[in-house]
Amino acid sequence: MSELSPQQTRDRALELIRHPEYLRVLGIAGLVGVPVSLIAFGFLALLHAAEHEVWHTIPQALTGGDQPPWWWPLPLLALAGVGVGAVARRAPGRGGHTPVDGMGGPPPTAAELPWVLVAALISLPLGAVLGPEAPLIAGGGGLALLAAHAFGISPGNRRALIVSGAGAASAIAAIFGSPIVAAVLLIEMVQLSGAALSAVVLPCLLAAGVGSIVFTGIGLWSGLPIGSLTLPIPPGSAVRPDIGDLLWALPLAVAAAFGIRLVRGLAKQLAARVAARPLPVTVLAALGVGACAAAYSLLTGRSPAEVALSGQQTLAALAADPRAWPEAALLALVVFKGLGYALSLAALRGGPIFPAVSLGGVLGVLAGPLPGFGAVPAMAAGMAAATVAMLPLPVSAVVLVVLLLGPLGFAMTPVVLIATVVAYMTEQLAEHGLNRAPLTP
C-alpha cells in the first residue's frame, strides 16, 4: 500500500477538522484542561509545602540552625529509595518511566496513574535531583484518557490520543507557567506540518490555554505558594550581549553538552541494573544521592539542599547574587549535583529538565568572570546548552530559557540561540558522528 502524498495528508487533516466529531473532541479537550490544571496545582502546592517542611521547618526545629545539618539527606534519601524501589517492584506501571528515558512514553492507564504521582511525591520532596514535569505530564495524559473514556471515546484510537495530548499540554502549561512553552514543545515533539499539525495541536492549545487560566486563577484565589520559574536577575544587569559574550558562549556550550552527556551515560548504565533488581539498587542509588549532598555540605559548609532537589531555588539564589558564591563551592556543586543527578535519573522518579537547567546555570556562573563574559549572558548560555543537551528539542530549549530569564530574556536571545545550536550539534555529532553520505536534493 503506497504512502499518502503531502497534499493527500493535508486534505485528510482538513476533512478531520471540519467533521462534527472533531468539534466534539475539541470541546472535550477544552474541558480536560480544567481538572488537569487543578490536579497540577494541588500537586505542585503539596510538593512545595513538603519540601519546605522537610528541608527548612523540621531541621530548624530539631537543630536550631539556619540550614539542615550535613547528614540530613542520608535518612531522607534512604526512605525515598525504599519507597520508590517498592513501587517499582510491586506497583502497576512501576511508578512511571525511568527519568533517564526522557519525558515519558504512553500515558498511564487508570491502574498505573495513582502510582506515577505517588512515586514522584516520594522522590521529589525527599531530595531526588529531579523536577516535577515528567510525572505531571504523564498524569495529565492519563487523566485525559479517563475523561475521554467517560465521553465514550475508546482507548487506542486517534481521538483518544488527541485528548490525551491535550491533557499533557495542560500539565505542561501549568508546570512551566506559560501555554507558549506547551505549544512549542508539542509542535516540536509531534513533528507534523500544515493541516495535519493543526488537527493534532489545536485541541492541545485549547487545553493549555484553559488550564493556564484555571491554574493562575486558583493560585490567586488560594494564595498558596508554588514557586516562580522566572529568575530574580538583580537590577543593573540589563545589558545586551556583545561579541565577547557570543564568542565565550561557544566553548561553554560544548562543555555543558559534554557534561550532560556524561551524566546521561552514567545514568543509562545504572538504569539497567536498577531494572534487574529494583528495590536494592534503587535504595543504594538513593543513598548515593544523599551521600553527594552530605559530602558537598561537609566540604563547603553550605546547605545540602543545594545538591538535593531540582535546583530551582538554588538557581534563583545564583541569579540573584552570583558573586556571593565562591568558585570552590560552585565547582563542588557541579560535581556533586551532577553525580546526584545521574543517580536520580537512573533510579528515582521525576523529570529531567529542571536539574539540567540548574547545572547549566552553575556552569554559566563559573564562566562569568572570564574576560569579556557577562554574568547574565554566561548563565543564559549555560542554561540553554544544558537544556538542549538533555532535552533534544532546540526550539523548546530556546523558548524555555528566554522565559526563565524574564525581562532580560529577549535581550539574551542571541546568546541563547548560539549556545543552543552549538550544544545540540555537539550532542548529535558525539552520539552519531558525521554522516558522510552525499546530501540528496
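## A tryptophan patch, a small cavity and two positive phi angles

W71 is found in the loop between α2 (20-63) and α3 (73-90); helices here are DSSP runs of H or I with at least four residues, numbered from the N terminus. This is a predicted model, in which local features need pLDDT of at least 70 and side-chain atom pairs count only at pLDDT 80 or more, while totals for chains, interfaces and linings use all residues. Residues are numbered from 1 along each chain as its sequence is written, and side-chain values use heavy atoms, with hydrogens and water left out.

W71 counts as partly exposed because its relative accessibility is 37%; buried means under 20% relative accessible area, exposed over 50%, and partly exposed in between (1.4 Å probe, protein chains only).

Let's move on to the cavities. A cavity is a set of points on a 1 Å grid over the protein atoms alone where a 1.4 Å probe fits but cannot get out, and lining residues have an atom within 4 Å of a point. Grid points are joined across faces, edges and corners, and a volume is the space filled by probe spheres set on the points. The count comes to two cavities of 30 Å³ or more, and the second largest has a volume of about 30 Å³. Its lining is made by F176, V181, L185, I353, T387, L391, S396, A397 and L400. Two or more of these residues come from each of α7 (179-190) and α15 (394-404), with α15 giving the largest share, three residues.

S396 also takes part in a long-range pair: its C-alpha atom is separated by 7.3 Å from that of E188, 208 residues apart along the chain. E188 lies in helix α7 and is buried because its relative accessible area is 16%. A second such pair joins A86 and T282, 196 residues apart along the chain, with 9.1 Å between their C-alpha atoms. A86 is found in helix α3, and counts as partly exposed because its relative accessible area is 35%.

Finally, a look at the backbone. Most residues other than glycine have a negative phi. Here are two residues with a positive value.

| Residue | Phi | Loop | Relative accessibility |
|---|---|---|---|
| R94 | near 60 degrees | between α3 and α4 (113-123) | 35%, partly exposed |
| L309 | about 70 degrees | between α10 (278-300) and α11 (312-320) | 10%, buried |

Note on methods:
1 Å grid on protein atoms, 1.4 Å probe; cavity = no way out; pocket = protein on both sides within 12 Å on 5 of 7 lines; lining within 4 Å.
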